[in-house]
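Me: Hey, I've got a new structure to look at and I'm starting cold. Can you walk me through it?

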Amino acid sequence: MAIDILNQIKSAEAQADEIRQTAVLAANDALKAAAEEYERLESDMINKARRSSLDKVDKSKQAVYAKLNEQQPQRQLKYDELKKTAVKKLDIAADICIEGLLKAHGYIGDEKNSAYFPQG
């Protein structure tokens, strides 16, 4: 009878060890599955955040380009005004240079040539 009880205890211990091993394997499988699910969720969240930020960047770019396009006529007017002013200044500078050359060669300030090159 004592041997039967010892055999039952050994059998119960063996079953307990087997149950523990099964539980450990199941726990490891559950941890692995949880880790894989966490990685998938994390990846999904990162991708969603990336798409959202790219959408915001695209919207911001569109807003900037729209603002630039809206301001283009004003910039063109300023450019045209600057261009006219520059042309006038170049004309004045050219006149000054030509006058200096004419004076240097005696065409201006000389009474005999004043009829050909009136001053003013």
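Me: Which residues form a nonpolar patch on the surface?
Reply: Met1, Ile5, Leu6 and Ile9 do, and together they have about 440 Å² of accessible area. A patch here takes residues with over 30% relative accessible area and no salt bridge, joining nonpolar side chains (Val, Leu, Ile, Met, Phe, Trp, Tyr) within 5 Å and like charges within 9 Å. The areas come from the Shrake-Rupley method with a 1.4 Å probe, and for residues only the protein chains shown count as cover.

Me: What kind of model is this, and how are things counted?
Reply: It's a predicted model, where local features need pLDDT of at least 70, side-chain atom pairs count only at pLDDT 80 or more, and totals for chains, interfaces and linings use all residues. Residues are numbered from 1 along each chain as its sequence is written, and side-chain values use heavy atoms, with hydrogens and water left out.

Me: Back to the patch. Where is Ile5 found?
Reply: In helix H1, which covers residues 2-104. Helices (H or I, at least four residues) are DSSP runs numbered from the N terminus, as are strands (E, at least two).

Me: And why does Ile5 count as partly exposed?
Reply: Because its relative accessibility is 43%. Buried means under 20% relative accessible area, exposed means over 50%, and partly exposed is in between (1.4 Å probe, protein chains only).

Me: New topic: how many salt bridges are there?
Reply: The count comes to four, taking a salt bridge as a side-chain nitrogen of Lys or Arg within 4 Å of a carboxyl oxygen of Asp or Glu. One of them joins the side chains of Asp17 and Arg20, at 2.5 Å from N to O.

Me: How far apart are Asp17 and Arg20 in helix H1?
Reply: Three residues, so about one helical turn separates them. Asp17 is partly exposed, at 38% relative accessibility.

Me: Which residues are linked in a network of salt bridges?
Reply: Glu37, Arg40 and Asp44. Arg40 meets Glu37 at 2.5 Å, N to O, and it also bridges to Asp44, with the closest N and O atoms 2.8 Å apart.

Me: How are those spaced along the helix?
Reply: Both pairs lie in helix H1: Arg40 and Glu37 are three residues apart, about one turn, while Arg40 and Asp44 are four residues apart, also about one turn.

Me: Buried, exposed or in between?
Reply: Arg40 is partly exposed at 41% relative accessibility. Glu37 is partly exposed too, at 36%, and Asp44 is partly exposed at 37%.
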